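Good morning, colleagues. Please take a moment with the sequence and the coordinates on the screen. I shall begin with the surface, then turn to the overall fold and one helix.

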Amino acid sequence: MTSVLARPANRRAPNQLYIDGAFVDALDGRTIDVRDPHDGSLLAAVALAGAADVDRAVRAAQAALPGWSRTPPGERGRLLLKLADAIEANADELAMLETRNTGHPIRDSRGLDVPRTAATFRYFGGMADKFEGSVIPVEPGFLDYVVHEPIGVVGQIVPWNFPIMFTSWKLGPALAAGNTVVLKPSEITPLSALRIAELMADVGFPKGVVNVVPGYGSEAGERIVQHPDIGKVSFTGSTAVGKRVLAGAASNLKRVGLELGGKGANIVYDDADLDRAVGGSLFAIFHNQGQACIAGSRLILQERIADAFMEKFIAFAKTIRLGDPLDAHTEMGPLTSPLHRDRVLAYCAVAREEGGEIVLGGKAPAGDAFANGCYVEPTVVRARPTDRVAQEEVFGPFVSFTTFADDAQAIAIANATQYGLGGGLWTRDLSRAHKAAAAIRSGMLWINCYKRVHPGSPFGGMGASGHGREMGFEAMRQYTEPKAVWINVDADIPPFYKR
Ligand code: NAD
């Protein structure tokens, strides 16, 4: 099977399932058309995994587990480092693939997504032989040591908003810790994960260690969640599906990691450096067309500076270059699918119905250049904190704003959603910043910046944003089972029962 996606050196994008070290068709031969959201053109017909394909991927992962889990951690790490190098060596091609499949502007795919993907694999490559167990200071005469063993076969489910980057966030720690994997990319954006699988084969990962099965959530996804031989499912996606995953994983008491939705509060205090706050807040919401769980989608502005801030914010937002994501100057591309574009536009209608004031955008852009694409203009809406558009995740270039009188009110508004993932605040007052950082319920908080991520820094949320953390030592812990081993090292210590 071949795709129509143009590749450097006439190579073809892999578009089959990757199982047991080989690219194969789905057992029932089904495929799904994967399209470019800029113009709707067909990129590839990709094999679509059903439950039976997941089952064979799990069998391959099980067969690979004894070998991989006993591979010296340094050797596992070396392969991850080689993969990072291979990603960098193919960075332009991967960025192009990601841009065409997702609509991310090429400057972002090339400047952020692909470098971050390589950096994550490199970080966990380095981590593999440095993640140590411990010795617990118990009573004299006993040695109690703790080793961290791999969980086994891990199922990983990835959304469509940052597909290449999330593939590395999932695979990096799981593989470094010695697990084998069945990874399901979104059916909308499977191409970069399949290409990563190909690069893994090239650098020498043994067959079966990683299996990639693009498929629908209701079929392949559900099967991963239900599969009795999968020990953990790590899910990134919507809160609604996250709840199903948690319930389904009860079938065999799987471990579950949930990275779910968000509604990031972004507070601008009256002592903030307004120009920096404007620039950072634009990035917070409009980067990746707002399709980010950590997007700063709620602007909470102190009354005294609200007008001045919004004037600058709107003036700047009007200059955002919307267009073909392959154009190096483009700052905002299309949303990733027509269905999602319609969902975001429906929220513009909700804003109007709720009496919100749309001060910018609120519609698809006019003109031939946008006619066949999934474009939405940068949209700014004045809304009450309790309005649906200020409570529900829109997941698009859509920001609501409201004002506050004092610090206590700012925190109350920030905390008044079901989510708790990422948030930001802008102030020059250190004490104010620390007080707010302690009071805001979120897994990540950025002060005078927004959306900073690093492979070493724990990433995840609370409440409806899920639980568990990716990245850093936290991720390694969450992909391992601690085992406590007790040894009686003093023959004189009597057993509890004796005669
Ligand atoms: P989604 O929940 O619809 O799908 C996510 C993945 O789950 C896809 O691969 C999908 O095929 C699969 N899936 C769907 N139904 C399933 C089921 N019943 N069982 C198992 N798998 C199933 O989400 P989406 O629309 O692809 O992604 C957007 C959502 O992801 C947003 O809510 C966003 O906030 C969230 N997200 C969260 C994070 C985070 O780290 N917290 C990061 C990115 C995106």
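The accessible surface of the protein chain amounts to about 20,000 Å², and carbon and sulfur atoms account for 55% of that area. Please bear in mind that this is a predicted model.

On charge, the chain carries 52 positive and 55 negative charges. The mean positions of these two sets lie 2 Å apart.

Let me turn to overall dimensions. The C-alpha trace spans about 80 × 60 × 40 Å along its principal axes. How does the radius of gyration agree with that of a compact globule? For 499 residues, a compact globule would have a value near 23 Å, and the protein chain has 24 Å, so the two agree.

As for the interior, 56% of the 499 residues are buried. Contacts also reach across the sequence: of those between residues at least 6 apart, 73% join residues at least 24 apart. In secondary structure, the chain comprises 15 helices and 20 strands.

I should like to close with helix α13, which covers residues 407–414. Which of its residues are buried? They are A410, I411, I413 and A414. These residues lie on the same side of α13, because they cover an arc of only 160° around the axis.

And what do the buried residues of α13 pack against? Their partners include three strands, namely β12 (265–268), β13 (298–302) and β16 (398–404). They also pack against helix α14, at residues 430–439.

Thank you for your attention.

Conventions. Residues numbered from 1 in each chain as written. Predicted model: local features only at pLDDT ≥ 70, side-chain atom pairs only at ≥ 80, totals over all residues. Heavy atoms only, no water. Helix = DSSP H or I, 4+ residues; strand = E, 2+ residues; numbered from the N terminus. Rg over C-alpha atoms; globule rule 2.2 N^0.38 Å. Buried < 20%, exposed > 50% of the residue type's maximum accessible area, 1.4 Å probe, protein only. Contact = heavy atoms within 4.5 Å. Areas by Shrake-Rupley, 256 points an atom, 1.4 Å probe, with all protein chains shown as cover. Lys, Arg positive; Asp, Glu negative; His and termini not counted. Charge placed at Lys NZ, Arg CZ, Asp CG, Glu CD. Arc of directions from axis to C-beta.
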